[in-house]
Amino acid sequence: MFKFLFKKENIVENLIYKYLETFDKTRDNFSQAFYLCVEEGNCRDFDFLAEQTNKYESMADDIIDEINNQMYGKVLIPDSREDVMNLLLGLDKIPHIFEKSLFMIKYQNLHIPGFLFQDIRNLVDISVETCEILALQVKHFLKMEKGIRDCMNRIDVKESHCDHLEKNLIADIFDPNSDIDPYLRLQFKELVVRIGDISDQADRVSKLVNVLSLKRRV
Amino acid sequence: MFSLLGGVFLGWSLGANDASNIFGTAVSSKMVKFGTAAVLASVFVVIGAVMSGSAGIETLKGLTSFDISEAVIASVAAAISVSAMTVFSLPVSTSQSVVGAIIGIGIINGQVNTAGLGKVVACWVGTPVGGAVICFVLYKVIAFFYNRSGVTLFRSDMLLRACLILSGSYGAYALGANNVANVSAVFVGADMLNVFQASLLGGVSIALGILTFSRPVMETVGKRLVRLDPFSALMVSLSLGATIHLYTMIGVPVSSSQAVIGAVLGIGIVKGVKTVSVATLKSIFAAWVLSPLVACGVSVLLIFISRLQYLPPVQ
C-alpha cells in the first residue's frame with residue numbers, strides 16, 4: 001500500500017540490496033579463487049574465478065554509480081544521502097582489494113610457500129568473515145534493526161585477530177633462516193598487507209555504520 | 001479603499017518575514033522546493049485566516065476603537081517598527097508592533113482596554129515558553145514511538161519529508177488564523193471592513209508576501225537553524241503550528257518568530273541546556289521590549305503630526 005509514494009526510494013533501496021548481493025559474490029569468488037590456486041594449485045579455475053571477481057567488482061562499481069545518480073534525484077533527505085553514499089563508497093573499497101589481491105597472485109606469478117599456507121588461509125578466512133558480518137550490519141542499518149553494535153564488536157575482534165596474523169606472517173616472511181628470495185619476500189609482504197587491508201576497511205566501515213545508526217536515533 | 005494599502009503592506013511584510021519560520025528549515029535543506037513551500041504556505045494562510053482568524057480580530061479590535069486615519073496610522077507605525085528592527089538585525093515581532101501601535105493611539109485618545117492588554121502581554125510571555133514546553137513534550141513522545149517504529153531508513157526519510165510538508169502546512173494555517181488580526185483588525189475597529197472581509201484581505205496580503213518576497217528570509221532562517229537534525233526540525237515546525245494554533249483559540253495574535261525560538265530552546269533542553277545561547281536570549285528579550293515600544297512611539301508621533309493644524313499668523 002502507498003508503494004507509489006516511495007517509487008524512487010524503492011529503486012535505490014533495491015539497488016543497494018543488489019549491490020550487497022554483488023559484494024557477496026565478489027567475496028565468494030575471491031575466497032574460492034584463493035583456495036583453488038594457493039592450496040590446490042588449480043590455476044585454470046583460478047583464472048576463471050579471478051575474472052569473475054573482476055566482473056562482479058565492475059558490476060558493483062556500476063551499481064554505485066547508478067545509486068549516486070538516483071540519490072541526487074531527490075531520494076532521501078540531504079543529510080541521509082551523504083551518509084548512505086559515504087557508507088557505500090567505504091564498502092566499495094573492499095571488492096577493489098579482493099580484485100587487486102587476486103591480480104597480484106595471477107600477474108606476479110606468486111606461489112605461496114607451504115610454511116605460510118595455514119596463517120594466510122586463516123587471514124583470508126577471518127577477513128572474509130568480517131565482510132560477511134559487515135554486509136549483515138549494513139542490512140540491519142537499512143532496516144533500522146537492532147544488532148548493529150554487536151556486529152561492530154564482532155568485526156573489531158576479528159580485525160584485531162587479523163592484525164596479529166599479519167604481523168606473524170610478515171615476521172615469518174622476513175625470517176633470516178628462511179630461504180625465500182628477497183625479491184619474493186617483498187611481494188609476499190605486499191600480498192599479506194593487502195589481504196590485511198580487507199579487515200581494516202571492514203572495521204572502518206562497521207564503525208561508520210554504528211555512528212550513522214546512533215546519529216539516526218532520536 | 002486607498003487607506004487599506006497600509007494593511008496590505010503590513011500583511012505583505014508579515015508574509016515575507018514569517019513564512020521563513022514555517023518552511024525555512026525544509027526549504028534551505030532542500031527537503032522541500034521553495035515553489036511548493038510558497039504555494040502551500042499561501043493557500044493554508046488564506047484558509048487559516050478565513051476559517052479561524054475572527055477570534056484574534058475581535059481581541060485586537062477590542063483594545064481600542066479607531067477611525068479610518070488612525071487605522072492606517074496603526075498599520076504604518078507597525079510596519080515602520082518592523083522595518084527598524086530588521087535594520088538593527090533584531091528578531092521582529094509583527095504582533096507586538098501592531099499592539100504597540102494600537103496602544104500608542106489608544107493612549108492619545110485616552111481609551112486603552114487594560115484588561116485586553118493584560119491578556120495580550122501575558123500571551124507574549126507565554127509564546128516562547130509554550131513553544132519550548134510543547135516542543136519538549138512532542139519530542140519526547142514522538143521520539144519514543146519513532147525509535148520503536150521499525151520503519152526502514154528509506155521509509156523513515158520519506159515519512160519525515162511528508163511530515164515536514166504537513167506540519168508546514170499546519171503552521172501556515174495557524175499563522176494565517178493567528179496573525180491576520182495584526183494586518184486587518186484595525187480596519188474592523190474602524191468599521192471599514194467586516195470580520196470576513198478583513199480575514200480575506202489579511203490572508204491574501206500575507207500570501208502575497210510569501211509568494212513574492214519570502215525566499216531570501218526563508219533560506220537565511222533555514223541556514224541559521226540548519227544545525228538541527230531533520231527530526232528536530234520537524235518537531236520545531238510541529239510545535240510552532242501547535243503553539244500558534246493554541247493562541248488562536250485563545251484569540252491573541254502572537255509572534256511566530258518567538259514561537260520558533262521557544263521551540264528551538266525546547267530542543268536545546270532535550271539535547272542539553274549548554275546548547276542554549278545566552279546571546280540569543282538577550283536579543284529575544286530586547287525585541288520583546290523594543291518592538292511594541294518603538295511601534296507605540298511611532299504611532300504617537302504620527303497621530304500627533306496628523307492632528308497638527310495650520311494656524312495663520314494673527315494680522
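Biologist: Why is Lys143(A) called partly exposed?

Modeller: Lys143(A) has 16 other C-beta atoms within 10 Å. A residue is buried if 20 or more other C-beta atoms lie within 10 Å of its own, exposed if 12 or fewer, and partly exposed in between, with C-beta atoms placed from the backbone. The count of 16 falls in between, so Lys143(A) is partly exposed. This is a predicted model: local features need pLDDT of at least 70, side-chain atom pairs count only at pLDDT 80 or more, and totals for chains, interfaces and linings use all residues. Residues are numbered from 1 along each chain as its sequence is written, while chains are lettered from A and ligands numbered from 1 in the order in which they are written.

Biologist: Where is Lys143(A) found?

Modeller: Lys143(A) is in helix α5 of chain A. Helices (H or I, at least four residues) and strands (E, at least two) are DSSP runs, numbered from the N terminus. The C-alpha atom of Lys143(A) is separated by 18 Å from that of Phe23(A), 120 residues apart along the chain.

Biologist: What makes the length of α5(A) agree with a helix?

Modeller: α5(A) has 30 residues and reaches 44 Å from its first C-alpha to its last, close to the 44 Å expected at 1.5 Å a residue. The expected span is 1.5 Å times one less than the number of residues. For α6(A), residues 148-173, the 26 residues should span 38 Å, and the end C-alpha atoms are 37 Å apart, which agrees.

Biologist: Which residues of α6(A) are buried, and what do they pack against?

Modeller: Among the buried ones are Ile148(A), Cys151(A), Met152(A), Ile155(A), Leu165(A) and Leu169(A). Lys158(A), Glu159(A) and Glu166(A) are also buried. The buried residues of α6(A) pack against α5 (114-143) and α7 (182-216) of chain A.

Biologist: What is noted about the phi of Met144(A), and why is Met144(A) called buried?

Modeller: Met144(A) has a positive phi of about 50 degrees although it is not a glycine. Met144(A) lies in the loop between α5 and α6 of chain A. With 20 other C-beta atoms within 10 Å, Met144(A) meets the cut-off, so it is buried. Arg216(A), in helix α7 of chain A, also counts as buried, because it has 20 C-beta neighbours inside 10 Å. The C-alpha atoms of Arg216(A) and Met144(A) are 9.0 Å apart, although the two residues are 72 apart in sequence.

Biologist: Is Asn109(A) buried or exposed?

Modeller: Asn109(A) has 9 C-beta neighbours inside 10 Å, so it counts as exposed. Asn109(A) lies in the loop between α4 (93-107) and α5 of chain A, and its phi is near 50 degrees, a positive value in a residue other than glycine.

Biologist: How many helices and strands does chain B have?

Modeller: Chain B has 12 helices and zero strands. Buried residues make up 57% of its 315 residues. Two residues are in contact if their C-beta atoms, placed from the backbone, lie within 7 Å. Of the contacts in chain B with a separation of 6 or more, 87% join residues 24 or more positions apart.

Biologist: What makes a set of residues a nonpolar core, and which residues have the most contacts inside the largest one?

Modeller: A nonpolar core is a set of buried Ala, Val, Leu, Ile, Met, Phe, Trp, Tyr and Cys residues joined through C-beta atoms within 7 Å. The largest has 156 residues, and those with the most contacts inside it are Ala41(B), Val45(B), Ala74(B), Ala101(B) and Val236(B). α7(B) gives the most to this core, with 18 residues. Not counting residues up to four places away in sequence, Val45(B) touches residues including Ala172(B), Leu175(B), Ile206(B) and Ile210(B).

Biologist: How many residues does each chain bring to the contact between chain A and chain B?

Modeller: Chain B brings 19 residues and chain A 16 residues. On chain B, α6 (114-147), α7 (153-189) and α10 (230-250) each supply at least two residues. α7(B) gives the most to that side, with eight residues.

Biologist: How confident is the predictor in each chain, by mean pLDDT?

Modeller: pLDDT is the predictor's confidence in each residue, from 0 to 100. Chain A has a mean of 90, with 95% of its residues at 70 or more. Chain B averages 83, and 88% of its residues score at least 70. Among the elements of chain B, helix α9 (residues 215-224) has the lowest mean, 68, and helix α2 (residues 34-52) the highest, 94. Where pLDDT is low, the predicted coordinates should not be read in detail. For the complex, the predictor gives an ipTM of 0.75 and a pTM of 0.79.
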